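Student: I have a sequence and a structure to study. Can we work through the fold together, one question at a time?

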Amino acid sequence: MLGDSPSQDHASPDEGQDQASVIDNRGSQERAELGLNIPDNEAQIERSERSPIKSEPKLRIFVTVGSDVPFDRLIIAIDDWAAKTRKPIEIFAQIGNSDYQPKRFEYCKFLSPAEFKDRLENCDLVAAHTGMGSILSALRAQKPILTLPRHGALGETRNDHQIATAKHLLDLGIIDVASTTDELQEMLENLKLTPNHHSIPQWASETLTRKLNAFISER
């Protein structure tokens with residue numbers, strides 16, 4: 001289900017307001033009713049005044065923090081980068097039960113499996129915590145993924161297992177990893193997209209299934 005963030009109230013248009021403005025207001029209201037949170041006008045104006053580099057194709061980024069616990073540090077870092085970059089970007093984030101609400105891109109708390117799959121298939125890059133669910137989803141879709149590991153010392157997870165996972169998968173060349181939020185922003189700014197060829201099948205191989213069945217039958 002889409003996030004349960006409260007819908008935004010929209011005032012009725014003034015008598016002198018043109019038709020395009022009316023349509024825009026209605027569209028915003030419909031998006032709010034769907035649970036999509038839209039950056040306020042001030043943030044949109046701030047971005048429009050930066051004159052993005054038009055020669056570059058728009059970078060579509062799908063941000064996800066998983067479904068267990070929020071990860072404000074990741075969301076804040078990407079929101080701050082979105083305020084500074086001149087790259088043409090389009091960002092959508094699944095933020096979970098985050099206390100921080102992004103100001104410069106659309107977001108919702110949770111996505112249904114079908115909505116998650118659609119966002120994943122229509123992005124150029126996945127930016128996520130170093131959770132295996134997010135990583136495996138990106139690999140299945142052959143999407144490049146940039147991760148920021150959660151830290152146990154910061155209360156972002158129970159321990160530092162994501163740091164160990166990040167190091168292992170980085171050594172294998174399967175994912176890109178940012179150690180800090182500053183490094184994350186730098187990597188986003190200097191990003192050169194290439195397809196992720198480390199794809200995995202949706203189902204386990206017959207060999208693995210056979211071995212697992214044999215192991216279980218012996219217990």
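**The sheet and its core**

Tutor: Start in the middle of the sheet. Ile61 has Leu125 as its bridge partner in S4. Keep in mind that this is a predicted model.

Student: Which residue is the bridge partner of Ile61 in S2?

Tutor: S1 is residues 59-64, and Ile61 sits in that run. S1 and S2 pair in the parallel sense over six bridges. The partner of Ile61 in S2 is Ile91.

Student: In what order do the six strands lie in the sheet?

Tutor: Take the pairs and chain them. S1 pairs with S2, and S1 also pairs with S4. S4 is joined in turn to S5. The full order of this open, parallel sheet is S3-S2-S1-S4-S5-S6.

Student: Which are the edge strands?

Tutor: Look for strands that pair on one side only. The two ends of the order are the places to check. The edge strands are S3 (106-108) and S6 (176-177).

Student: How many bridges join S4 to S5?

Tutor: S5 covers residues 145-147, and the two strands run parallel. Val126 has Ile145 as its bridge partner in S5. Ala128 has Thr147 as its partner there. The number of bridges is three.

Student: Which residue of S4 is the bridge partner of Thr64?

Tutor: S1 and S4 pair in the parallel sense over four bridges. One of the S4 residues involved is Leu125, the partner of Ile61. For Thr64, the partner is Ala128.

Student: Are the faces of S4 covered or open?

Tutor: In a regular strand the side chains alternate between the two faces of the sheet. In S4, residues 125-128, Leu125 and Ala127 lie on one side. Val126 and Ala128 lie on the other, and all four are buried. Both faces are covered.

Student: How many residues of S1 are buried?

Tutor: S1 has S2 as a pairing partner and S4 as another. The strand is mostly covered. Of its six residues, the buried number is five.

Student: Which helix lies between S1 and S2 in their β-α-β unit?

Tutor: Follow the chain from S1, residues 59-64, to S2, residues 89-94. The helix between them spans 72-84. The unit is right-handed, and its helix is H3.

Student: What is the handedness of the unit made by S4, H5 and S5?

Tutor: S4 and S5 run parallel. H5, residues 132-140, comes between them in the unit. The β-α-β unit is right-handed.

Student: Which element gives the largest share of the largest nonpolar core?

Tutor: This core has 25 residues, and Ile61, Val63, Ile78 and Ile91 touch the most other members. The elements that give two or more residues are S1, H3, S2, S4 and H7 (181-189). The largest share is six residues, and it comes from H3.

Student: How many residues are in the second, separate core?

Tutor: In soluble globular proteins, nonpolar side chains tend to be buried together. The second core includes Phe62, Cys108, Ala166 and Ile175. Its residue count is 17.

Student: What percentage of the protein's residues are buried?

Tutor: Buried means under 20% relative accessible area. The protein has 219 residues, with eight helices and six strands. The buried share is 39%.

Methods
Residues numbered from 1 in each chain as written. Predicted model: local features only at pLDDT ≥ 70, side-chain atom pairs only at ≥ 80, totals over all residues. Heavy atoms only, no water. Buried < 20%, exposed > 50% of the residue type's maximum accessible area, 1.4 Å probe, protein only. Pairing = 2+ DSSP bridges. Right-handed = clockwise from strand over helix to strand, strands pointing away. Core = buried A, V, L, I, M, F, W, Y, C linked by side-chain atoms within 4.5 Å.
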